[in-house]
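Biologist: I should like to learn how the strands and the chain contacts of a model are read. Could you take me through an example?

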Protein chains: 4
Amino acid sequence: MEGGKELGNWPLNYSFQVLWGDIDALNHVNHTVFLKWIETARMNYFSDCGIMELLETDQKGPILASLKIDYLKPVLFPDSVNIRTTITRIGNSSFDMGYRVSSTSNGDVIVAEATVVGVMVNYQTGRPTEIPKSIRERIIEIEGYSTQ
Amino acid sequence: MEGGKELGNWPLNYSFQVLWGDIDALNHVNHTVFLKWIETARMNYFSDCGIMELLETDQKGPILASLKIDYLKPVLFPDSVNIRTTITRIGNSSFDMGYRVSSTSNGDVIVAEATVVGVMVNYQTGRPTEIPKSIRERIIEIEGYSTQ
Amino acid sequence: MEGGKELGNWPLNYSFQVLWGDIDALNHVNHTVFLKWIETARMNYFSDCGIMELLETDQKGPILASLKIDYLKPVLFPDSVNIRTTITRIGNSSFDMGYRVSSTSNGDVIVAEATVVGVMVNYQTGRPTEIPKSIRERIIEIEGYSTQ
Amino acid sequence: MEGGKELGNWPLNYSFQVLWGDIDALNHVNHTVFLKWIETARMNYFSDCGIMELLETDQKGPILASLKIDYLKPVLFPDSVNIRTTITRIGNSSFDMGYRVSSTSNGDVIVAEATVVGVMVNYQTGRPTEIPKSIRERIIEIEGYSTQ
């Protein structure tokens, strides 16, 4: 992984209800649903730091390059989950995000942990492009660090 | 539609967050997601009135025979929805349920209305079977009517 | 239902594999998955008759106003399904579509039947608008009728 | 990763149609859909090697411990995909699987690559348990190696 500023203060938390249809034939939440929750947490973070606006103004935006997830415990219905999220590193054009999924009915115990690598891409060329300074500063601020 | 006791007091309400991935290529919540919310509301109602326990004790349970839904307004992300639900009729082996989907960001305005016909089925024979008296009475009570 | 030209020759058929994750806790394909197959059949029909191009050229397009579906038999995994589709009526701005879902493993027996009301809408005003003559003629042709 | 027999001949291939509803607001197939295709390929492999029968006879079965996926290119609608799959390692109680997702409309070019760690678990104790010899031999056979 390329270098970049180390962060990772887990500033954001989102809660979602488990839907009955999230349960699969093995009687627990299907493994892909965890990634839908995580995706929503990611989009909320993107919204908070202004990334989504770049799409309209600059035809730039983040793409999901890779993800890794460890499933620790099953989630059942009914339940709700907390998705805690953080950006752990900002590189030149890429960044790493972390996610912790916890189950409310289970005393908020962590049931899955995931990491994602995102890349800022110019949608016209399809090529990686630098993460704008304003976004970088906003992320550092959200993570609770000083940008000085 | 066969006869049966008329009910319909809309006693239950459940709230769900819109997930980012619920949005489709037309930039609003995909029409099938409304039915996932409604399904969860239905299962919660079933849980409340004791139907789900029949599955284990009597090998009986409700099946979804048909549904009808009118889509009135699109739902966007981010938003949350309320799903209000009621049983409007209990027949011998079938029952009718109603659902109203409303959007929080939109002043709780109704965005979709649905009705469902459920049938109580014996899972061993696959045939319709009478709705047990205890379930019937519990539903009448949830709907706020006297069972006397 | 408003009047309009009666059609309904079931000209199109699409096949889809059941995915393992389509199965829910009741061990059959979740009821919302039928509507995803049907939606894809609808979009394919729209593509065939040129409706999707109106979106780009005229800012017009069809919206789903309502749907009704009867579930006749469960679908299991593994299996594949056929989705047969037809437009049964073209009105001034609305149209009716029919769908038959059948299960391959089950001798192509019909497992669900659905009808949908679509409305042609001007996306700028949000109001119903006339179905263009070229689309109307293309639909009549697909359904195997003469446009003379 | 613990040791074990090295395999990995990519013996199996499954094809799926992209559904219209698989497309998200970014106009390509949502990243979670890749994992639904992969899951189905995994279940088909499990079926082929007899793992699924252990569930009924021995109350043992595989669980998904972790997954990693790299997204290389977007998939659009309409399209179909091939999911090639292999078991690359069988350990005592765990095993590694590989997946290659390719797009038919794109000359079968690889659009995503994934690896999964599965663990054989005793569902009564929730603890890892040895992969039975019969399963091990069947997997080696499917992968095209001699079990002598």
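Modeller: Let us begin with one pair of residues: Glu6(B) has Arg89(B) as its bridge partner in E4(B). Please note that this is a predicted model, in which local features need pLDDT of at least 70, side-chain atom pairs count only at pLDDT 80 or more, and totals for chains, interfaces and linings use all residues. Residues are numbered from 1 along each chain as its sequence is written, while chains are lettered from A and ligands numbered from 1 in the order in which they are written.

Biologist: What do labels such as E4(B) stand for, and what makes two strands a pair?

Modeller: Helices (H or I, at least four residues) and strands (E, at least two) are DSSP runs, numbered from the N terminus. Two strands pair if DSSP finds at least two bridges between them. In chain B, strand E1 (residues 5–6) and strand E4 (residues 80–90) pair in the antiparallel sense over two bridges.

Biologist: Which strand does E4(B) join over six bridges, and in which sense?

Modeller: That strand is E2 (residues 12–17) of chain B, and the two run antiparallel. Here Tyr14(B) stands opposite Ile83(B) of E4(B).

Biologist: With which strand does E4(B) form a hairpin?

Modeller: The hairpin is made with E5(B), and three residues lie between the two strands. E5 covers residues 94–103 of chain B and pairs with E4(B) in the antiparallel sense over nine bridges. One opposed pair is Val81(B) and Ser103(B), the latter in E5(B). As a general idea, the side chains in a regular strand alternate between the two faces of the sheet.

Biologist: How is the relation between chain D and chain A described?

Modeller: Copies are superposed by least squares on the C-alpha atoms of residues with pLDDT of at least 70 in both. A rotation of 180° with 0.0 Å of shift along its axis places chain D on chain A, with an RMSD of 0.0 Å. Lys68(D) is the residue of chain D that comes closest to the rotation axis, its C-alpha being at 2.1 Å.

Biologist: How many residues does each chain bring to the contact between chain D and chain A?

Modeller: Two residues are in contact if their C-beta atoms, placed from the backbone, lie within 7 Å. By that rule, chain D contributes 12 residues and chain A contributes 12 residues. On the side of chain D, helix H1 (31–49) and strand E3 (60–71) are the elements that give two or more residues, and E3(D) gives the most, with eight residues. Because 100% of the interface residues of chain D are also interface residues in chain A, the copies meet through the same surface.

Biologist: Which strands pair across this contact?

Modeller: Strand E3 (residues 60–71) of chain A is joined to E3(D) by five bridges, and the two run antiparallel. Ile69(A), for example, stands opposite Leu67(D) in E3(D).

Biologist: What relates chain C to chain D?

Modeller: Chain C is superposed on chain D by a rotation of 180° with 0.0 Å of shift along its axis (RMSD 0.0 Å). That is the relation of a two-fold axis. Nine residues of chain C are in contact with nine residues of chain D. On the side of chain C, strand E2 (12–17) and helix H1 (31–49) each supply at least two residues, and H1(C) gives the most, with four residues.
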